[in-house]
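Biologist: I should like to learn how to read the features of an unfamiliar protein model. Could you take me through one step by step?

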Amino acid sequence: KQARVLGDRKGLFFGVAAQIIAVTAAISVLTLLGVTAFDFLLPVFFAAVIATFVIWPRTWVTSLALSRPLLWLGKHSYSIYMVHFFVLECLGTILRVALHIPFAHYRFQTSDTVGLGLAVGSATLVLLMASQTYRFIEEPGRDFGRRLFKRRSSAGTLEVATEARVAADSRMTSQ
């Protein structure tokens, strides 16, 4: 069965409210509870988040989730994940060793303005590097895997067809 889509004004208002509550609850559980006995509730919260977007697909929250910047982030998320640690470690080393910026309690001891600049700069650098690793590593790797799988599956299909023909021929000759 398909999920019922609610498109009237009352349904849309309730849908927006449900989506905001579900997302807020999921984020709250992640940030406030951390790793606790309540971790088993996380899949329930995320299922609720997904359900609100399936049941009420025509809300401004859904439109926001489908915006170009968020779709770009989703498309490049694996590359972001893969490069962020490397970029942050390199920047941290440069700041500590070359620029002699003090580092204590997992924080650089700078002014708020410099800290904000470092955060924006490092995020920008991570996104730029991730876009390039996506373009030059992730996409070509995925294309290579598809070609390899296609070659293997077509070769496997050819082998199965050949074996079936040989088996059929041997049955015909034995009769």
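The dialogue below goes from the overall layout to a pocket, a surface patch and a single loop residue.

Modeller: Please bear in mind throughout that this is a predicted model.

Biologist: How many helices and strands does the protein chain have, and in what order do the elements run?

Modeller: One begins with the elements and their order. Here the protein chain has six helices and two strands. Read from the N terminus, the order is α-α-α-α-α-β-β-α.

Biologist: What percentage of the residues of the protein chain count as buried?

Modeller: A residue counts as buried when its relative accessible area is under 20%. Of the 175 residues in this chain, 18% fall into that class.

Biologist: How should I read the largest pocket, and which residues are the closest to its centre?

Modeller: It helps to take the volume, then the lining, then the elements that supply the lining. The largest pocket holds about 470 Å³ of space. Its lining consists of 18 residues, and those closest to the centre are Leu95, Phe103, Tyr106, Arg107 and Phe108.

Biologist: Which elements supply at least two residues of that lining, and which gives the largest share?

Modeller: Helix α5 (77–98), strand β2 (107–108) and helix α6 (112–174) each contribute at least two residues. The largest share belongs to α5, with seven residues.

Biologist: What is the make-up of the lining of the largest pocket by class?

Modeller: Eight of the lining residues are nonpolar, six are polar and four are charged.

Biologist: Turning to the surface, which residues form the nonpolar patch?

Modeller: For a patch, one asks which residues belong to it, how much area they share and where they come from. In this model, Ile20, Trp60, Leu64, Leu70, Trp72, Leu73 and Leu127 form a nonpolar patch, with about 640 Å² of accessible area together. Helices α3 (60–65) and α4 (68–75) are the elements that give two or more residues to the patch, and the largest share, three residues, comes from α4.

Biologist: Trp60 is part of that patch. Why is Trp60 classed as exposed?

Modeller: Tryptophan 60, which lies in helix α3, is classed as exposed because its relative accessible area is 54%, and the class requires over 50%.

Biologist: Finally, what is the sign of phi at histidine 100, and where is the place of this residue?

Modeller: For a loop residue, one may look at the backbone angle, the location and the exposure in turn. Phi of histidine 100 is near 55°, a positive value in a residue other than glycine. Histidine 100 sits in the loop between α5 and β1 (103–104). With a relative accessible area of 63%, histidine 100 is exposed.

Definitions and conventions:
Residues are numbered from 1 along each chain as its sequence is written. This is a predicted model: local features need pLDDT of at least 70, side-chain atom pairs count only at pLDDT 80 or more; totals for chains, interfaces and linings use all residues. Side-chain values use heavy atoms; hydrogens and water are left out. On a 1 Å grid over the protein atoms alone, a cavity is a set of points where a 1.4 Å probe fits but cannot get out, and a pocket is an open set with protein on both sides within 12 Å along at least five of seven lines; lining residues have an atom within 4 Å of a point. Grid points are joined across faces, edges and corners, and a volume is the space filled by probe spheres set on the points. Helices (H or I, at least four residues) and strands (E, at least two) are DSSP runs, numbered from the N terminus. Ala, Val, Leu, Ile, Met, Phe, Trp, Tyr, Cys and Pro count as nonpolar, Asp, Glu, Lys and Arg as charged, and the others, Gly among them, as polar. Patches are made of residues with over 30% relative accessible area and no salt bridge: like charges are joined within 9 Å, nonpolar side chains (Val, Leu, Ile, Met, Phe, Trp, Tyr) within 5 Å. Accessible areas come from the Shrake-Rupley method with a 1.4 Å probe; for residues, only the protein chains shown count as cover. A salt bridge is a side-chain nitrogen of Lys or Arg within 4 Å of a carboxyl oxygen of Asp or Glu. Buried means under 20% relative accessible area, exposed over 50%, partly exposed in between (1.4 Å probe, protein chains only).
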